[in-house]
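This report describes one predicted model, with attention to its annotated spans, its main pocket and a few buried loop residues.

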Amino acid sequence: MAGTKAKTEVFTIAEMGEPSAERGDTNQKRCIFELYVQPCLAELFGTTMFVFVGCASVIGNVGDAGVIQPAVAHGLALGVLIMVLGQISGGHFNPAVSLSVYLCGGMGLSLLLPYVLAQMCGGMIGAGLTKVIYPTDVYNASLGGAFNVNNDLGKTTVAEVMMTLFLTTVVCMGAVNGQTRSPSAPFCIGLTVTANIFSGGMVSGACMNPARAFGPAVAANHWNHHWVYWVGPASGALLTVMFIRLLFGDQKTRVVLK
C-alpha cells in the first residue's frame, strides 16, 4: 500500500508539472507575439490603409488644381488610424516617424527595421489596391498618386525637410515624450499632415513619408527623383531628434508601445 501510494503521488506531481510548462510556453509565445508580431502587423495594416486612401484621394482629384481633397483625406485617415492602432504599435505608418521615435527613446532598436519593412510592404499593397480599382487612363493621368518633382530639387528637398520636421516634432512631443504627451495626439498629428499638404503640396507634394512615396513608385513604376522623398523626410526626422535632445537633454522619453 505504501509503495502504491508513493507511486501515485509521484505520478500526480509529474502530471501537474506538465500543464505548468505548457502554460509557460504559451505565455512566452503570447509575449513574443504581442511585443514583436502584433505591432508589425498593425504597422502593415495601418500603412496599407493610409497609402490606399492617400493615393485614391490624389487619383480622384485629377483635373482639380487644388489640394483640399488630398489634404483632408490624408489627415483624416492618419488621425483615425493612429487612434485605433496607436495602442498596439504606436501608430507610426512612416519610416521617418519610426526613426525619430527610436532616436528619441520611444521604441527599441529590435523593432525599427521590422517596422520599416512592414511600412514599405504596406505602402506597396495600398498603392497596388488603388491601381486595381481605378480605370487605367485615370490611374496613369495621376501617376497612381506617385510624387513627381517639377520644381527645383533643392527647394523640393528643403520643403520635405521642413514639413517632416513639423510632423515628427508633433509626433515625438505629443505622443512619445512623457512631459508633453497629450491624449489629443492623433488629432494633432492628422491636422499637421493636413496643414503641411495645404502649405507645401504644390511645392513637393508634401510626402513626409518614404513609404507613401515608395508604394506608388513601385505600382506606377515612376522613380523621378525618388531619392528626394527619402533624404528630405530622414533629414527632418534627424532635426527633430536634435531639437528634442536640446530641450530635454538625456532625459528618457516615455515608451509608446505596450
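Residues 188-207 are 65% helix and 0% strand, and the end C-alpha atoms of this span lie 17 Å apart. Helices here are DSSP runs of H or I with at least four residues, strands are runs of E with at least two, and both are numbered from the N terminus. Residues 66-85, in turn, are 90% helix and 0% strand, with end C-alpha atoms 30 Å apart. An unreviewed UniProt entry places the feature "transmembrane region" at six spans, 40-60, 66-85, 97-117, 157-176, 188-207 and 227-248; UniProt positions follow the numbering used here, feature names are shortened, and annotations may be inferred rather than shown by experiment.

The model is predicted: local features need pLDDT of at least 70 and side-chain atom pairs count only at pLDDT 80 or more, whereas totals for chains, interfaces and linings use all residues. Residues are numbered from 1 along each chain as its sequence is written, and side-chain values use heavy atoms, with hydrogens and water left out.

**The largest pocket**

The largest pocket holds about 830 Å³ of space. A pocket is an open set of points, on a 1 Å grid over the protein atoms alone, where a 1.4 Å probe fits, with protein on both sides within 12 Å along at least five of seven lines; lining residues have an atom within 4 Å of a point. Grid points are joined across faces, edges and corners, and the volume is the space filled by probe spheres set on the points.

The lining comprises 45 residues, with Val58, Ala146, Phe147, Gly201 and Gly205 nearest the centre of the pocket. Helices H1 (2-59), H2 (68-89), H6 (153-176) and H7 (185-200) each give two or more residues to this lining, and H2 gives the most, with 4 residues. By class, the lining has 26 nonpolar, 17 polar and 2 charged residues; Ala, Val, Leu, Ile, Met, Phe, Trp, Tyr, Cys and Pro count as nonpolar, Asp, Glu, Lys and Arg as charged, and the others, Gly among them, as polar.

**Buried loop residues**

Buried means under 20% relative accessible area, exposed over 50%, and partly exposed in between (1.4 Å probe, protein chains only).

| Residue | Loop | Relative accessible area |
|---|---|---|
| Phe93 | between H2 and H3 | 0%, buried |
| Asn94 | between H2 and H3 (95-103) | 3%, buried |
| Ala206 | between H7 and H8 (210-220) | 4%, buried |

Phe93 has a positive phi, near 55 degrees, although it is not glycine. Ala206, also a residue other than glycine, has a positive phi near 55 degrees. Beyond its neighbours within four places in sequence, Asn94 is in contact (heavy atoms within 4.5 Å) with Glu43, Gln119, Leu167, Met208, Asn209 and Pro210.
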